[in-house]
Amino acid sequence: MNTNKLLVSVVGLLFMVATLSAKDYQVSMFGIKSDGVTLNTRSIQRAVDYISEQGGGRLIFYVGRYLTGSIELKSNVTIRIEEGAALVAVPSVYDYKGVEGCNAIIYAKGQQHIGIGGKGIIEGRADAVRASVEDQLKKGHIQGTTSDYLPALICMEDCENVKIEQVTLQNAGNTAEVYKNCRHVTVDKVVVNAGACDQKAVSVSGCDGLEMTDCYFNQLVEPLQSDGTSRNLSFTNCLTSEGKNITIEK
Amino acid sequence: MNSLKKLIMMCLFIGIVVPTEAKDYQMTMFGIKSDGVTMNTRSIQKAIDFIHENGGGRLVFTVGRYLTGSIHLKSNVTIHLGEGAVLVGSTNPYDYDMELNAWYGLILANKQENIAITGKGVIDGCGRELANNFINQVYAGVIKDKLQLGRVANRPKLIYFRECKNVEVKGVTLMNPAFWTQTYDQCEHLLIDGITVHSRAYWNNDGMDIVDCNGALIQNCYVDATDDAICLKSHSADAICQNVEVRNNIACSSASGIKFGTASNGGFKDIKIINNTVFDTFRSAITIQAVDGGLVENIVVDSLRSINTGNPIYLVVGERREGHRSRMDNVRISNLYAEVPATKPDAGYVYEGPTEDNPRNISPSGIIGLADNKITNVTIENVEIVYPGGGNPFYAKVGLNELNKVPEMPKAYPEFSQHKELPAWGFYIRHVDGVTFKNVKLKALKKDYRPAIVLDDVHNGIFSKIKVSEPDAGKKDKIYLYKSTGIKK
């Protein structure tokens, strides 16, 4: 009787562990190429969709340069960019989501339990993307201003339980991280390399519960843009290149 | 005053003329790159949308390789591929879109008008790599497919146009698709002129499929395909493929050269097949199949040359699904010259047609209906066919005393060889009412155990000026009648 109980509890425990541990998927499984020239947008998107359909897990990028346009993150999926891996923005303006809504390399709308992690890089190639935008504006194929079309690196809208950790975000053409109307966002050990660019690094609006810890902003201007519509924001040990702690109070 | 009036008139006239002239847009205008590695899908799509929204025109590609995934062609837009320009299909399955949730394609259009693909350039589907990448994704479990016959069933075509009006495809070379090269489905006023099709990169690769179209002219094309080369189909029981002319084309295939079917749900009506050549082709030069409940009528095949091709003519009625009765009436084949080889005509193809239905001696041409659904009013006139002969009864035999042994095959997939051994070497005609043979020359190069022509359940026939030559034929019948009535010889 006792052994039976034990068996049941062991099986139960195993089952719990199995369901709790997110499954890992290598990008190569989806034919995603690390050569830096193959445009992977559609393959990465298929991978994200597939993992979300399967109940969730991590999509893992190992060493290499992965060229991509806008991809949409879906519930229960974490994009993990390992050390030595870079998600690299494609220059052409038409490979991004565009002016409506969340224009970013990785965006999500109304999703839950999503994340971006790993010690890798998201490389925005601001100059190349800007050149494409300005060229097409000049030719009249698109209307508006350059900044309307420059993508953020990460944009989360109406999402819940978002976790961004460890990654380096660099050369964003626009604000590197955008959080709109999200709940329970944690941003940990994220480095933003913006250099001399006068863009804000982080934009927060309408959020409830955003916790940013141990982040570093390599830029000269004030990194944070918050319009005061958010609640429960906390910043701990988040430093600019001049050693200033960033806080919600200006 | 008068001159002012004139000026105003002139201005009005120019104002009317200018917007209707198709404008040219260079691909560079949209940041489309010719380097062969930049994925241009979205930029090309932007260009098409922009031209479409601005009154139409041509998107012009000059020398270079333009990598792309699926693009959607819109009304009044022409894709012009100049000489040296190659539109290169992505080898990534996920770069392709579907139309109607059913068909993948590189260039797609649905319910568009006045669309065209022109120029001396090339569309290259990179089909073998693409098809293999599909298989890899099936093995990875991301794409669901049964891998029946070892391949993914639905692979991207180069062109899929559905319900489009005024369609032109002119001059271009279409090569290496992963699947059927091009499908025009329920289109009106279709012109395919002077294109070259090289479709040998994978198998089950039809050269062109004209599906349920009304008004189509296919002319001056060269088609080389590892499945049916020029193929008329009818996918919908509520539609019919009609008013189609296929003229001055050259075709070569590891299946059939010119085929009606196999999908023949609605049928085929008022079709002319004029002055075409089929060579090195595994199956039939011309085959007309009514097996899915459709109507086939008023078909003219004239001036067809069939060189080194397994079978010159195969007309067949079947009933693949019970109760779906087809009808075949008024088919006229004239001025045909054919040479049938003793060996495999498509030998050396990368994807050869499958050797099947053996043992059988060289198959004759066939006109084969069903016992309760006869083919009616067939005319064969001014036809000369050279067969190898050499039919050996010790290899396979259906004697004249055992004609009932030839199976009735209403549900089978129709091919000229489906019955295996047939009892004639020139023509086997069964279940036909109303047949005229006039000035028909049949030549066997070697003695054959079978007669030239066998009629089984054939009624109301006229056979005039039939010339049969066969070495050492002896006294056997040239035309053997069985259960047949009203035959004039």
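**Exercise 1. A glycine in chain B**

In which loop of chain B is the place of Gly121(B)? Then decide whether Gly121(B) is buried or exposed.

*Solution.* Keep in mind that you are looking at a predicted model.

- Step 1: Find the strands on either side. Gly121(B) sits in the loop between β10 (113–118) and β11 (122–124) of chain B.
- Step 2: Count C-beta atoms. Gly121(B) has 25 others within 10 Å, and a residue is buried if that count is 20 or more. Gly121(B) is therefore buried.
- Step 3: List the contacts, leaving aside neighbours within four places in sequence. Among the partners of Gly121(B) are Phe61(B), Val172(B) and the residues Leu81(B), Gly82(B), Glu83(B), Gly84(B), Ala85(B) and Val86(B).
- Step 4: Now try a distance. From the C-alpha atom of Gly121(B) to that of Glu402(B) it is 57 Å, and the two residues are 281 residues apart along the chain.

**Exercise 2. Unusual backbone angles**

Find out where Arg125(A) and Gln186(B) lie, and classify how exposed Arg125(A) and Gln186(B) are.

*Solution.*

- Step 1: Recall the usual case. Most residues other than glycine have a negative phi, and most peptide bonds are trans.
- Step 2: Look at phi. Arg125(A) is not a glycine, yet its phi is positive, about 45 degrees. For Gln186(B), also not a glycine, phi is positive at about 55 degrees.
- Step 3: Place them. Arg125(A) belongs to the loop between β10 (121–123) and α3 (126–138) of chain A, while Gln186(B) is in the loop between β15 (182–185) and β16 (188–193) of chain B.
- Step 4: Classify them. Arg125(A) has 19 C-beta neighbours inside 10 Å, so it counts as partly exposed. Gln186(B) has 19 other C-beta atoms within 10 Å, so it is partly exposed.
- Step 5: Turn to the peptide bonds. The bond between Gly261(B) and Thr262(B) is cis, with omega about 0 degrees; Thr262(B) is part of strand β24 (residues 258–264) of chain B. A cis bond also links Asn358(B) to Pro359(B), with omega about 0 degrees, and Pro359(B) is in the loop between β27 (327–339) and β28 (365–368) of chain B.

**Exercise 3. Where the chains meet**

How many residues does the contact take from chain B and from chain A?

*Solution.*

- Step 1: Count each side. Chain B gives 18 residues and chain A gives 17 residues.
- Step 2: Find the elements. On the side of chain B that touches chain A, β2 (35–39), α2 (41–53) and α3 (127–139) each supply at least two residues. The most come from α2(B), with four residues.
- Step 3: Sort by class. This side of chain B has eight nonpolar, seven polar and three charged residues.

Conventions: Residues numbered from 1 in each chain as written. Chains lettered and ligands numbered in written order. Predicted model: local features only at pLDDT ≥ 70, side-chain atom pairs only at ≥ 80, totals over all residues. Contact = placed C-beta atoms within 7 Å. Nonpolar A, V, L, I, M, F, W, Y, C, P; charged D, E, K, R; others polar. Buried ≥ 20, exposed ≤ 12 C-beta atoms within 10 Å, placed from the backbone.
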